[in-house]
Amino acid sequence: LTEDALRAQGFGIDRAGFDAAMDNQKAMARAAWKGSGAKASDEVWFDIAERVGSTEFTGYTATEGEGQVVALVKDGAEVQSAKAGDSVTLITNQTPFYGESGGQMGDAGSITSLSGFAATVTDTSKPLGRLHAHQLTVDTGEVKVGDVVQLKIDTERRDTLRSNHSATHLLHAALRNRLGGHVTQKGSMVAPDRLRFDFSHNQAVTPDEIADIEAEVNAQIRRNTAVTTRLMAPDQAVEAGALALFGEKYGDEVRVLSMGEVEGSNYSVELCGGTHVNALGDIALMTIVSEGAVASGIRRIEALTGEAARLHLANRESQLKDVASLFKVSPDEVAARVETLLAERRALEKELSDTKTKLALSGGGGPKAEAEKLGDINFMGQVIPGIEPKALRGLADEQMKALGGGVVAIIAANENANTVVVAVSPELHGKFAAPDLVRAATTAMGGQGGGGRPEMAQGGGPAGSDQAQAGLDAIKAVLAG
């Protein structure tokens, strides 16, 4: 057409120069692709893309359609045919199958032909960002390059993917509304059974904020407004207020997704090449199941929609009823009953600790501590099995009062670890400090460190009665000089 138009005006075309420039451009593009860190085994996709061009995606409006096989890849190399039992990647000139990109997983489904070929598609990827590659296993028959095939996606799976993808847009808007405009998407994963959304935020999202965000999203879902799509230039879309999604690559023309409504304006406007629900009511329900940190300044929310969300909430309700049945109260009374039980447990733990302390003081927890002289220093030392470490300081104070001044050392020998506490009366601080005596004990027990003030310090070491006695003997050796 260009030649015809120019010929009428007396101009010709340097076709050889054009072909040389085109070949040079392809070589530069391939070099840039290799330099991007692509694997050498993936070069087959570059060869295919150069030869057949980009796959036409028809899946925004269609769930099935016809296409011509333009390439088959097996074990990293192109082949001309595939038969029953083969696992291959099949590329057609057009397809309704969405290739994984922008966080949304690829479609699954089936591909057949009138000749008896039938295959199960387990996933669809998007090599180079422009080929839709169907990963499949041939069930029956044979397929060859050039064959015309029928492609049909798993519509139930696609519907759950669409619901979860649209929910991420609503979630993004709600996070920005509730937490602030600094929130931006840092990654996402849209699977058939769940969604994951990473975003910038420097602190944990509180339970009240989670509840507000979830309620805001579900309010938009209940409004059931239509989801609209416009094709625009990227710059125009951003100028119109659309948010560009993290990790998404945009061409000369982009899809601008608008959904929801608030005070006469769109609730969410984003650039997105994924598949989405026709109306927000199709999502049915969204529930947030977790929120946490994944990196410095990056938080992650995981959520469910539709039937998966309903089943999750039904399971939680069933668990609550089971707990209520165990407590013999109504579900509404479970929280109060648990609080009562926790208060009773704290009281029993304190009573038990007090009893063990009294038992230790009376010698019932083992040999009763007896005062002895180590040189000119009054000393009272004791190994007590099974006593709570937190009771040691109070017990050391009691024994110091009974001793009337000197050094007290108590080691709690428990199943998981030994704990030593040492108390030193003020008149001895110039000669002995509690942290030094503790370090002597922990070293002898096979541990290290310990610290505190000159008058009282604490440390720990490995469990074992022999280790505990070794720790006590080490303190006595230091005091005896």
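**Exercise 1.** In this predicted model, decide whether Arg-299 is buried or exposed, and find the residue that its side chain meets in a salt bridge.

*Solution.*
Step 1. Arg-299 has a relative accessibility of 11%. Buried means under 20%, so Arg-299 counts as buried.
Step 2. The side chain of Arg-299 forms a salt bridge with that of Glu-291, at 2.7 Å from N to O.
Step 3. Glu-291 has a relative accessible area of 23%, so this residue is partly exposed.

**Exercise 2.** Describe the salt bridge between Arg-162 and Asp-159, and place both residues in their helix.

*Solution.*
Step 1. The closest N and O atoms of Arg-162 and Asp-159 are 3.0 Å apart. A salt bridge requires such a pair within 4 Å.
Step 2. Both residues belong to helix H4; because they are three residues apart there, about one helical turn separates them.
Step 3. Arg-162 counts as buried at 17% relative accessibility, while Asp-159 counts as partly exposed at 38%.

**Exercise 3.** Which residues lie nearest the centre of the second largest pocket, and which element gives the most to its lining?

*Solution.*
Step 1. The second largest pocket has a volume of about 280 Å³ and is lined by 17 residues.
Step 2. Nearest its centre lie Tyr-60, Thr-61, Arg-162, His-276 and Asn-278. Arg-162 is also the salt-bridge partner of Asp-159.
Step 3. Helix H4 (155-179) and strand E16 (254-262) each supply at least two lining residues. H4 gives the most, with three.
Step 4. Sorted by class, the lining has five nonpolar, eight polar and four charged residues.

Terms used. Residues are numbered from 1 along each chain as its sequence is written. This is a predicted model: local features need pLDDT of at least 70, side-chain atom pairs count only at pLDDT 80 or more; totals for chains, interfaces and linings use all residues. Side-chain values use heavy atoms; hydrogens and water are left out. On a 1 Å grid over the protein atoms alone, a cavity is a set of points where a 1.4 Å probe fits but cannot get out, and a pocket is an open set with protein on both sides within 12 Å along at least five of seven lines; lining residues have an atom within 4 Å of a point. Grid points are joined across faces, edges and corners, and a volume is the space filled by probe spheres set on the points. Helices (H or I, at least four residues) and strands (E, at least two) are DSSP runs, numbered from the N terminus. Ala, Val, Leu, Ile, Met, Phe, Trp, Tyr, Cys and Pro count as nonpolar, Asp, Glu, Lys and Arg as charged, and the others, Gly among them, as polar. Buried means under 20% relative accessible area, exposed over 50%, partly exposed in between (1.4 Å probe, protein chains only).
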